[in-house]
Amino acid sequence: MSSATPTNPSVFDPACSSRHALELVAGKWAMLIISALENGPMRNAALMRKLGDVSQKMLTQTLKELERNGLVIREDKGTVPPHVEYRLSDVGRSLSEALNVLDRWAETNFPALDAARERYDAERASGTSA
């Protein structure tokens, strides 16, 4: 059993706050929002267009959680009509760099994953798997 401390964190320790960090960024929408903001601030509508199939409710909920955890900064321009932009904080930018590697991996390897899934499903459907 690991004993995580602030100076010795361990994601394998259920009591370590680093687990919360992993849970936060492991969600599909959080990962995509962080990656979408990589090139600079965006408004809500632009984020929705970029993400494609996110609901307004899920986008708002995820942005609030990212802001609460210091990954995203919400800037209200104080105009009428309202103009709000979201941008990455310093820690959000550092996460974006790590996610960029994962994004490229997914874009490169999705054909192999798709093929493996199709093989697996076909084997299960035909009853030839062990």
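Reader: What relative accessibility does Glu38 have, to open our tour?
Author: Happy to start there: this is a predicted model, in which local features need pLDDT of at least 70 and side-chain atom pairs count only at pLDDT 80 or more, while totals for chains, interfaces and linings use all residues. Residues are numbered from 1 along each chain as its sequence is written, and side-chain values use heavy atoms, with hydrogens and water left out. Buried means under 20% relative accessible area and exposed over 50%, with partly exposed in between (1.4 Å probe, protein chains only). Glu38 counts as partly exposed because its relative accessibility is 34%.

Reader: Where does Glu38 lie?
Author: Helices (H or I, at least four residues) and strands (E, at least two) are DSSP runs, numbered from the N terminus. On that numbering, Glu38 is in the loop between helix 2 and strand 1 (42–43).

Reader: How much space lies in the largest pocket?
Author: Glu38 is one of the residues lining this pocket, and Leu32, Lys50 and Asn100 are among the others. A pocket here is an open set of points on a 1 Å grid over the protein atoms alone where a 1.4 Å probe fits, with protein on both sides within 12 Å along at least five of seven lines; lining residues have an atom within 4 Å of a point. Points are joined across faces, edges and corners, and the volume is the space filled by probe spheres set on them. For the largest pocket, that volume is about 220 Å³.

Reader: Which helix gives the largest share of the lining of the largest pocket?
Author: Helix 2 (28–36), helix 3 (44–51) and helix 5 (90–126) each bring at least two lining residues. The largest share is four residues, and these come from helix 5.

Reader: How many charged residues does this lining have?
Author: Asp, Glu, Lys and Arg count as charged; Ala, Val, Leu, Ile, Met, Phe, Trp, Tyr, Cys and Pro as nonpolar; the others, Gly among them, as polar. The lining has three nonpolar and three polar residues, and its charged residues number five.

Reader: What separates the C-alpha atoms of Glu38 and Glu107?
Author: Both residues line the largest pocket. They are 69 residues apart along the chain, and their C-alpha atoms are separated by 17 Å.

Reader: Which residue forms a salt bridge with Glu107?
Author: A salt bridge puts a side-chain nitrogen of Lys or Arg within 4 Å of a carboxyl oxygen of Asp or Glu. The partner sits three residues away in helix 5, about one turn of the helix. With the closest N and O atoms 2.8 Å apart, Glu107 pairs with Arg104.

Reader: Which residues are joined into one network by salt bridges that share partners?
Author: This network has three members, Glu75 among them. Glu85 is buried, at 19% relative accessible area, whereas Lys77 is partly exposed at 37%. The side chains of these two meet at 3.6 Å, N to O. Through shared partners, the network joins Glu75, Lys77 and Glu85.

Reader: How far apart are the closest N and O atoms of Arg93 and Asp90?
Author: Arg93 and Asp90 are about one helical turn apart because three residues separate them in helix 5. Arg93 is partly exposed at 39%, and Asp90 is exposed at 61%. In their salt bridge, the closest N and O atoms are separated by 2.1 Å.

Reader: How many residues of helix 2 are buried?
Author: Trp29, Met31 and Ile33 are among the buried residues of this helix. Helix 2 is mostly covered, and of its nine residues the number buried is seven.

Reader: Which residues does a cis peptide bond join?
Author: Most peptide bonds are trans. Here one of the partners lies in the loop between strand 2 (72–76) and strand 3 (84–88). With omega at about 0°, the cis bond joins Val80 and Pro81.

Reader: What separates the C-alpha atoms of Pro14 and Asp121?
Author: Pro14 lies in the segment before helix 1. Pro14 is exposed, with a relative accessible area of 54%. Asp121 is 107 residues away along the chain, and the two C-alpha atoms are separated by 34 Å.
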